[in-house]
Amino acid sequence: MEPSAAAQLRAMDRFAKLEGKAGVPVPEPVTGSLFYYDESLRNKDVMILCEVIEHIDEYRLGRVMDTIFHEYTPGTLIITTPNKEYNEVYEMDQEEMRHGDHRFEWSREAFAAWCSRWTEAYNYSVRLSGIGEFAQDYGYPTQMAIFTKEDTLL
């Protein structure tokens, strides 16, 4: 799902280059926004927010997450976001962000606390991990949270 037609076209061009390769599905483009409810997103097995949340103002992010966990209820939700601590490995200034459109970048501790907020509010567990080259004291460049809906016995 992408609200920008230009960004959607760029993404589809990248996927087109992979078309026909074994094990590489080409997604169907969907125009939309996480700020507007979309019935078609309900009860999916997997929902992925890959490098998305840092582009949303923090004060708006809670509403998006409430909609995902309460209304869409995916079986698994995967979220990736930059690890602010790792920016030092890139020799960036402490307050510098990796992209001009980032509204925030969180440390591992801040991301873990934010994730636990959702497991406490909804019936999900979370496993935190990282992506990329590990650096001692800084972790991975990308943080990943894998939320899994817990089975409820009635």
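**Note on the sheet, helix H2 and the nonpolar core**

1. E1 and E2 are paired strands, running parallel and joined by five bridges. The structure discussed here is a predicted model. Two of the facing positions can be named: isoleucine 48 stands opposite isoleucine 78 of E2, and valine 46 has threonine 76 of E2 as its bridge partner.

2. The connection between these strands goes through a helix: E1, H2 and E2 together make a β-α-β unit, and the unit is right-handed.

3. The wider sheet is open and has four strands, in the order E1-E2-E4-E3, with mixed pairing. E1 and strand E3 (124-131) are at the edges with a single partner strand each, so one side of each has no neighbour in the sheet. On average, neighbouring strands are turned by 15° against each other, ignoring direction.

4. The two faces of E1 differ in cover. Met47 and Leu49 belong to the covered face, while Val46, Ile48 and Cys50 make up the uncovered one. In a regular strand, side chains alternate between the two faces of the sheet.

5. H2 has 15 residues, which at 1.5 Å a residue should span 21 Å; the C-alpha atoms at its ends are 20 Å apart, in agreement with that value. After H2 comes threonine 73, with a positive phi near 40°.

6. Which residues of H2 are buried? They are Leu61, Gly62, Val64, Met65, Thr67, Ile68, Phe69 and Tyr72. The elements covering them include E1, E2, H3, E3 and E4. An α-helix has 3.6 residues a turn, so residues three or four places apart point the same way.

7. The largest nonpolar core holds 23 residues, and the members touching the most others are Ile53, Met65, Leu77, Ile79, Trp114 and Phe147. At least two core residues come from each of strand E1 (46-50), helix H2 (58-72), strand E2 (76-82), helix H3 (108-121) and strand E4 (142-149). H2 gives the largest share, six residues. In soluble globular proteins, nonpolar side chains tend to be buried together.

8. Methionine 65 is worth a look in the viewer. Leaving aside residues up to four places away in sequence, methionine 65 touches Leu49, Leu77, Ile79, Trp114 and Trp118. Met65 is also one of the buried residues of H2.

9. What does H3 lie across? H3 lies across E2, E3 and E4, and runs at about 15° to E4. H3 is also among the elements that cover the buried residues of H2.

How values were computed: Residues numbered from 1 in each chain as written. Predicted model: local features only at pLDDT ≥ 70, side-chain atom pairs only at ≥ 80, totals over all residues. Heavy atoms only, no water. Core = buried A, V, L, I, M, F, W, Y, C linked by side-chain atoms within 4.5 Å. Buried < 20%, exposed > 50% of the residue type's maximum accessible area, 1.4 Å probe, protein only. Contact = heavy atoms within 4.5 Å. Pairing = 2+ DSSP bridges. Right-handed = clockwise from strand over helix to strand, strands pointing away. Axes fitted to C-alpha atoms, helices over the stretch in contact; angles between N-to-C directions. Expected span 1.5 Å × (residues − 1).
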